[in-house]
Amino acid sequence: MFPARPLLAGLALALSSSAALADARSLDIVAPWEITGADPSTSGYVFGRMRVAETLVDTDADGRPAPGLATRWHQADDGLGWRFTLRDDARFHDGSPVTAEAVVASLEHALAKPGILDSAPITAIEADGDEVVISLAQAFAPLPALLAHSTTLILAPAAYGDDGQVTEMIASGPYRVESLTPPQRLTVSRFDDYWGEAPEIEQASYLAVGRGETRALMAESGDADIVFTLDPASLARLSRHDRLELHAEPLPRTIVLKTNAGHPFLDDDRARRALGLAIDRPGIASGLLRHPEAAAAELFPESLGPWHLGLEADAARDLDQARGLLAELGWEANGNGILERDGEPFRLTLRTFSDRPELPLVATALQDQWRALGVDLEVAVGNASEIPSGHRDGSLELGLMARNYGLVPDPLGTLLDDFGSDPDAMGGDWGAMGWSDAELADWLDSLRHEADPDARAELATRVARRLHEAMPVIPVAWYQQTAAVNGALEGFSIDALERNYRIDELRWSE
């Protein structure tokens, strides 16, 4: 008879060794987005997603504001101030405590650089005991939502140089930076003094890979454990791989056509509406994106509540109406079927980029569909930076891109950037170009301070309807985030706001 105690002890040792090996196994993540550097104003989204850095306000599973480094907050009765109470057990990766003074310094650095806080009328950020006090020139209801944005990540005082520039990523998340090699690679390890629950996975890496085909091959070969943003063709192939699990989640990110409304062909809203009416959205969603539910006749998906108008994509295409609108503007078909006005053909250039692999495919489909309308469209596939640079120098005619209206739990911050009231900054780099609407800007300004939910919902619907009527940007499809995941991983899910890869919730099953 074999002795039971040594056998059980041996089994326990084997299980312990197996668990230790699983714990030490690195989790390798691949995504398209490059790391510009350590500064949250340019690459904060990577450090937030990799759970290196945290914000005052987090979001819950439904995308609503939730406690982060601040456990609670409240607005002053006059609406001109907010108080955020910090948790008392948070520490930075260098061992220093997360104090109100450190948070204030970090937010002041964020406020001094381009970012989401630009849209808030902040006059002062101060420390008061364990509270951070933010004073405003006027009431601003969505401030907590803005403080969930990646440009407001809280860093340690030692992260900044004497000139205020970020020299090292020292934050407070459950993972700390081991190495950072811009623009491609980041490696992290578990931070054992984290205030919250300790992650099971000890080490992880992030690699920026621009080409969708390469990312898919890395998933297929096992060189990556999680691969984000897959093209439709790769999705179909990877779905047959028995070692991988595929995930897709609808996001409040919309594939849109950014129009130069100052261009003589596009300066009348009838021209922009005609281009929208000529798009076969269901065909693009089903045939190219492989997600029929992605067809979008409006900017905002149902997940954004009152911003969603409920328009049917199947009814959004009408070539006869589109031709009639362009005829009103003096466009007539020539012998080659191309529209002309005063001897000039209706010819435009559409810029897009391949970082999101579906965009060139959609651009080619638009080229064919608008040809049926009589519009000669040239497609130029380059870098994502060419759309904002074309906005700034005025050379952009059309840009096909994906705009995230869920960067924070309230889309108002993004909309203020894209369609706000400052005529000199109208539209920013990704919003309206050559277009403004004083009434819409007033509605957005009202949403800054309106606290009543019913009034906010009514204003949101007004804004959505006006944008649909004027079409400074033309919706095509709602984006679906996709991921191929190693089948040995458990606990994977996609954050609809794209703030968090949730790696601290994962574990190895083998």
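The points below go through a predicted model, from an annotated region to the core, one helix, one pocket and one buried residue.

1. The UniProt record, an unreviewed entry, carries the annotation "domain: Solute-binding protein family" for residues 65-415. Over that stretch the chain is 25% helix and 27% strand, and the C-alpha atoms at its two ends lie 18 Å apart.

2. The largest nonpolar core has 146 residues, and of these Met50 and Tyr206 touch the most other members. If neighbours within four places in sequence are left aside, the contacts of Met50 are Ile29, Tyr175, Leu186, Val188, Ala204, Ser205, Tyr206, Tyr501 and Ile503. Apart from this core lies another one, of 13 residues, which includes Leu207, Val209, Val227 and Leu230. As general background, nonpolar side chains in soluble globular proteins tend to be buried together.

3. Helix H5 spans residues 212-221, and its residues Gly212, Arg215, Ala216, Met218 and Ala219 are buried. Seen down the axis of H5, the buried residues fall within an arc of 155 degrees, so they line one face of the helix. It helps to recall that an α-helix has 3.6 residues a turn, so residues three or four places apart point the same way.

4. What covers the buried residues of H5 includes the strands S1 (26-31), S10 (203-208), S11 (226-228), S12 (244-259) and S19 (473-486), together with helix H6 (232-238). Just after H5 comes Gly222, which takes a positive phi of about 90 degrees.

5. The second largest pocket has a volume of about 870 Å³. It is lined by 41 residues, of which Gly63, Ser303, Leu304, Pro409 and Pro411 are the closest to its centre. Two or more lining residues come from each of strand S4 (70-75), helix H4 (143-146), strand S12, helix H14 (453-470) and strand S19. Among these elements H14 gives the most to the lining, with 4 residues.

6. Is Leu147, which sits in the loop between H4 and strand S8 (175-181), buried or exposed? Its relative accessibility is 1%, and because buried means under 20%, Leu147 counts as buried. Leaving aside neighbours within four places in sequence, Leu147 is in contact with Thr55, Leu56, Val57, Phe84, Leu107, Leu117, Ile134 and Thr152. The C-alpha atoms of Leu147 and Asp58 are separated by 8.2 Å, although these two residues are 89 residues apart along the chain.

Notes: Residues numbered from 1 in each chain as written. Predicted model: local features only at pLDDT ≥ 70, side-chain atom pairs only at ≥ 80, totals over all residues. Heavy atoms only, no water. UniProt positions renumbered as here; feature names shortened; annotations may be inferred. Core = buried A, V, L, I, M, F, W, Y, C linked by side-chain atoms within 4.5 Å. Buried < 20%, exposed > 50% of the residue type's maximum accessible area, 1.4 Å probe, protein only. Contact = heavy atoms within 4.5 Å. Arc of directions from axis to C-beta. 1 Å grid on protein atoms, 1.4 Å probe; cavity = no way out; pocket = protein on both sides within 12 Å on 5 of 7 lines; lining within 4 Å. Points joined across faces, edges and corners; volume = space filled by probe spheres on them.
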